[in-house]
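I have a new structure open and want to get my bearings. These are my notes on what I looked up, in the order I went.

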Amino acid sequence: MAAAATAPVLRVTPATGREPGGLVTRGCEVRGRIEYPASIRIQGLVEGEIVAREEVVIDASGVARARMQADRSRVAGLVEGDLQATSRVEIAATGEGAGDIVAPAIVIEEGGVLEGRVRMGHRRGTDRPNT
C-alpha cells in the first residue's frame with residue numbers, strides 16, 4: 001500500500017542579527033506550506049498554505065492561492081483562499097480577496113475588493129476582553 005502524498009513544508013528561519021522578514025520574490029513560485037516565525041512578504045506566487053507568527057504581506061505583484069494564518073495580514077495583490085488573523089486584516093485599494101476572513105478587525109480601503117464571508121469581533125454572550 002502506497003503512503004499518501006503530503007504537501008512539502010518550507011520552514012524558514014530568519015538570519016540572526018537582522019529582521020528582513022521572509023520573501024517570495026516576483027517570478028518565484030512556491031507550492032506547499034510555508035511556515036515563518038516572523039513576517040513574510042509575497043511578491044510572487046504561493047499555492048497551498050502560509051503560516052506566519054507576525055505578518056503576511058501580499059504585495060501588488062503577489063498572488064496567494066492559499067489558506068493564510070498570521071497575527072496580521074495586508075493584501076495589496078490577489079488572495080484566493082481563507083485568511084485568519086489574530087489582530088487584523090487589511091485589504092489595500094489594489095487588493096483583491098476571494099475567500100472567508102476571520103479576524104477581530106478588518107479594514108478594506110476604497111477600491112479594495114472582497115468576495116467572501118467575514119467574521120469578526122466576539123459573539124454575543126461570550127466574555128469580552130477588558131479594554
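My entries below go from the whole chain to single residues.

**Entry 1: the whole chain**

I noted at the start that this is a predicted model. I looked up the secondary structure and found zero helices and 14 strands. Of the 131 residues in the protein, 35% are buried. I also looked at the surface: the accessible area is about 8,200 Å², and carbon and sulfur atoms hold 48% of that. Then I checked how far contacts reach along the sequence. Among contacts between residues at least 6 apart, 5% join residues at least 24 apart.

**Entry 2: how the strands pair**

Which strands does β7 pair with? I went through its partners one by one. β7 (63-75) pairs with β5 in the parallel sense, over seven bridges. With β6 the sense is again parallel, over four bridges. β8, which covers residues 78-80, runs parallel to β7 and is joined to it by two bridges. β9 also runs parallel to β7, with seven bridges between them.

I wanted some residues to click on, so I wrote down individual bridge partners. Glu-49 is matched with Arg-67 in β7. Val-57 has Arg-74 in β7 as its partner, and Ile-58 stands opposite Val-75 in β7. Going on to the later strands, Val-63 has Leu-78 in β8 as its partner, while Arg-74 stands opposite Glu-90 in β9. So much for β7; I also looked up β4, which runs parallel to β6 and is joined to it by three bridges. There, Arg-41 has Val-57 as its bridge partner in β6.

**Entry 3: the nonpolar core**

Which residues have the most contacts inside the largest nonpolar core? That core has 25 residues, and the ones I was after are Ile-40, Val-46, Ile-50, Val-56, Ile-58 and Met-68. The elements that give it two or more residues are β3, β4, β5, β6, β7 and β9. β7 gives the most, with five residues.

I picked Val-46 from that list to see what surrounds it. Leaving out residues up to four places away in sequence, Val-46 touches Val-24, Val-30, Ile-34, Val-63, Ala-64, Arg-65 and Ala-66.

**Entry 4: Glu-49**

Is Glu-49 buried or exposed? Glu-49 lies in strand β5, and it counts as buried because its relative accessible area is 12%, below the 20% cut-off. Its side chain makes a polar contact with the side chain of Arg-67, at 3.0 Å. Arg-67 is also its bridge partner in β7. Beyond neighbours within four places in sequence, Glu-49 is in contact with Gly-32, Arg-33, Ile-34, Ala-66, Arg-67 and Gln-69.

**Entry 5: salt bridges**

How many salt bridges does the structure hold? I got 14. Side chains of opposite charge can pair when their charged atoms come close.

I followed three of them. Arg-31 forms one with Glu-29, and the closest N and O atoms are 3.0 Å apart. Arg-31 is partly exposed at 47% relative accessible area, and Glu-29 is partly exposed at 48%.

Arg-65 forms another with Glu-47, with the closest N and O atoms 3.5 Å apart. This pair links distant parts of the chain: Arg-65 sits in β7 and Glu-47 in β5, 18 residues apart. Arg-65 is partly exposed at 37%, and so is Glu-47 at 24%.

The third joins Asp-100 and Arg-117, at 2.8 Å from N to O. Here both residues are in loops, Asp-100 between β10 and β11 and Arg-117 between β13 and β14, 17 residues apart. Arg-117 counts as exposed because its relative accessible area is 62%, over the 50% cut-off. Last, I looked for shared partners: Glu-29, Arg-31, Glu-47, Arg-65 and Glu-80 are joined into one network.

**Entry 6: Cys-28**

Where does Cys-28 lie? I found it in the loop between β2 (22-24) and β3 (29-36). Cys-28 is partly exposed, at 31% relative accessible area. Not counting residues up to four places away in sequence, Cys-28 touches Gly-44 and Leu-45. I also checked Cys-28 against Gly-62, 34 residues apart along the chain: their C-alpha atoms are separated by 9.9 Å.

Terms used: Residues numbered from 1 in each chain as written. Predicted model: local features only at pLDDT ≥ 70, side-chain atom pairs only at ≥ 80, totals over all residues. Heavy atoms only, no water. Buried < 20%, exposed > 50% of the residue type's maximum accessible area, 1.4 Å probe, protein only. Contact = heavy atoms within 4.5 Å. Core = buried A, V, L, I, M, F, W, Y, C linked by side-chain atoms within 4.5 Å. Pairing = 2+ DSSP bridges. Areas by Shrake-Rupley, 256 points an atom, 1.4 Å probe, with all protein chains shown as cover. Polar contact = N/O pair within 3.5 Å; in protein donor to acceptor, adjacent residues only side chain to side chain. Salt bridge = Lys/Arg side-chain N within 4 Å of Asp/Glu carboxyl O.
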